[in-house]
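This report goes through selected local features of one protein model. Keep the sequence and the structure in view while reading.

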Amino acid sequence: MKKTLLAMLLCSAFVNSSFAQESNEFQRKVFNHVSANVSVGTEGIGFGLAAPVTNYLELEAGLSVMPGFNVSGDLPIESQGTLEANGQTIQIPNTKVNVKGKFSRTTFHFKAHVYPFGGNSKFFMTAGCSFGGRKIAKVSGHSDDLQQLLKDYPDLKDEILNRVGATLGDYNVKFNDNADIIGDIRCNGFRPYLGLGYGRLIPKHRVGVRVELGCQFMGHMKVYQNDEQVDLQQMLNDAGADDDLSKFVEKWTCYPVLKVSLVGRIL
């Protein structure tokens, strides 16, 4: 009887010791761990660092880089007839201009991830913000022929520029004083964020996988040409009711986020 009781006590002590050791080995307290993560998704390639506050809350800071890509093409230059100057008829060039478009995004973010069920549960909800450059797309081009014409007739510069433009679909894109085309699309520099997903940034084990789905609120996008904002409603009126591009730019205020992350606990 005594041997049996002694064995039970030893077994109980071993079990309690094991639970205590496991508990001491891994707990989520205020900034007592640090993890790093790398992700890929609609924001591009992301990197981040995270730390816990409790089993219910983890904080993350990081950045996402969308690899830039360029497109280019020739656009026809259309003019409105000729000009009369000093008894001469001046023909405005009816040629083409090579236009290049560049698309890229780099954003920093700070997020609070809430795990409503605590413990080691993996379902989470996220709130935070992203911020970065306002310009998300740029367009540029130059016409040597038009530049030469402006140099030859400087007194008629404004009239020439009013009569000439590059044709992009239903749009007439204007040149600046140097015969350049400069345009860009901008959104808010500060972008609130909401999301949800599955997986821990501070995993119980050293390595884990995480999936996040959310939305970055960019605000209404704005189109600029020669650093002046373009009236999208006027673009709609000029291009006609079937202008899907202007409608899309005018209504697209949210950027969808879907990313898969590989996380690793380093402390």
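## Strand pairing

In which sense do strand 12 and strand 13 pair, parallel or antiparallel, and over how many bridges? The model is a predicted one. In it, strand 12 covers residues 190-198 and strand 13 covers residues 207-217. The two pair in the antiparallel sense, over six bridges. One facing pair is made of glycines: G195 is opposite G214 of strand 13.

Strand 13 also pairs with strand 16, residues 254-265. This pairing is antiparallel too, and 11 bridges join the two strands. Here G208 faces V263 of strand 16. Strand 13 is thus bridged both to strand 12 and to strand 16.

## R186 and its contacts

R186 belongs to strand 11, which spans residues 180-186. Is this arginine buried or exposed? R186 counts as buried, because its relative accessibility is 11% and the cut-off for buried is under 20%.

The side chain of R186 makes a polar contact with the side chain of D227, at 2.7 Å. Beyond its neighbours within four places in sequence, R186 touches R134, K135, H220, M221, K222, Y224 and D227. D227 therefore appears both in this contact list and as the polar partner of R186, given that contact means heavy atoms within 4.5 Å.

## Cysteines

How many disulfides does the structure hold? The count is zero. C254 is in no disulfide, and its nearest cysteine sulfur belongs to C215, 3.7 Å away. That pair does not qualify, because a disulfide needs sulfur atoms within 2.5 Å.

Accessibility has been computed for two of the cysteines. C129 is buried, with a relative accessible area of 16%. C254 is partly exposed, at 26%. The class of C254 follows because partly exposed lies between the 20% and 50% limits.

## Positive phi in two loops

Which loop holds A179? This alanine lies between strand 10 (171-173) and strand 11. Its phi is near 65°, a positive value in a residue other than glycine. A179 counts as buried, since its relative accessibility is 0%.

N226 also has a positive phi, near 55°, and is likewise not a glycine. N226 sits in the loop between strand 14 (222-225) and strand 15 (228-229). N226 is partly exposed, with a relative accessible area of 25%.

Notes: Residues are numbered from 1 along each chain as its sequence is written. This is a predicted model: local features need pLDDT of at least 70, side-chain atom pairs count only at pLDDT 80 or more; totals for chains, interfaces and linings use all residues. Side-chain values use heavy atoms; hydrogens and water are left out. Helices (H or I, at least four residues) and strands (E, at least two) are DSSP runs, numbered from the N terminus. Buried means under 20% relative accessible area, exposed over 50%, partly exposed in between (1.4 Å probe, protein chains only). A polar contact is a pair of N or O atoms within 3.5 Å; within protein, one must be able to donate a hydrogen and the other to accept it, and residues adjacent in sequence count only if both atoms are side-chain atoms. Two strands pair if DSSP finds at least two bridges between them.
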